[in-house]
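Here's a quick tour of a protein chain, from its overall build down to one helix. Have a look at the model first.

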Amino acid sequence: MAAAQRLLGCILVRELDGQRLEARIVETEAYHQSDAASHSYKGRTPRTDIMFGPAGFVYVYFTYGMHYCMNVVTGPEGEGSAVLIRALQPLTGQAVMEKRRRMGGVTATNGPAKLCQALGIDRSMNGHDLRKPPFMLRVQPPVPAADIVQTTRIGISRAKDQPWRFYIAGNPYVSRP
């Protein structure tokens, strides 16, 4: 859970079609192999292999037969853990993100599937090292604890009572305050 909180405020930088897109992470959810809602819960499989480390890589999955969602792998090698990126606040290239989503304002990046579409994230990015272009994580100073809201996860059916969702208080880009 510490990693999910620590990722808040960090910046994702994406080079896409000659454009530089930057967005601040404003909402996250933690998942761990001990958690029935985690893809890694039933152990290491070809699909979940990337979740078992090392940290700092992207785990992308396809859901509902139509959407991609991205996670940052966070645990030590051999431990299946990752943090779902749930919402982003555009900083640079907002018009490009909005065009890719065909909608503007907060609705362009205020959900895990929305932000993947806005940044052009799909299964081809699975296993990508976030220290290397064209998709990088720029670590920022921690968000003060007083500015972080902790709540139960949303959009899942198992282990939904775990308080492993975090977001920056008052940020309009959060998917569901």
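What follows goes from the whole chain to helix α3.

## Ground rules

This is a predicted model, so local features need pLDDT of at least 70 and side-chain atom pairs count only at pLDDT 80 or more, while totals for chains, interfaces and linings use all residues. Residues are numbered from 1 along each chain as its sequence is written, and side-chain values use heavy atoms, leaving out hydrogens and water.

## The whole chain

You've got 3 helices and 8 strands here, running α-β-β-β-β-β-α-α-β-β-β from the N terminus. Helices (H or I, at least four residues) and strands (E, at least two) are DSSP runs, numbered from the N terminus.

The C-alpha trace spans about 40 × 35 × 30 Å along its principal axes. Of the 177 residues, 46% are buried, meaning under 20% relative accessible area with a 1.4 Å probe, protein chains only. Take the contacts (heavy atoms within 4.5 Å) between residues at least 6 apart in sequence: 58% of them join residues at least 24 apart.

## A look at α3

Helix α3 covers residues 112-119, and its buried residues are P112, L115, C116, A118 and L119. They sit on the same side of α3, because their arc around the axis is only 165°, taken from the directions from the helix axis to the C-beta atoms.

What do the buried residues of α3 pack against? The partners are β1 (11-16), β2 (19-32), β4 (67-73), β5 (81-92), α2 (94-101) and β6 (135-138). Right after α3 comes G120, with a positive phi near 70°.

How values were computed:
Buried < 20%, exposed > 50% of the residue type's maximum accessible area, 1.4 Å probe, protein only.
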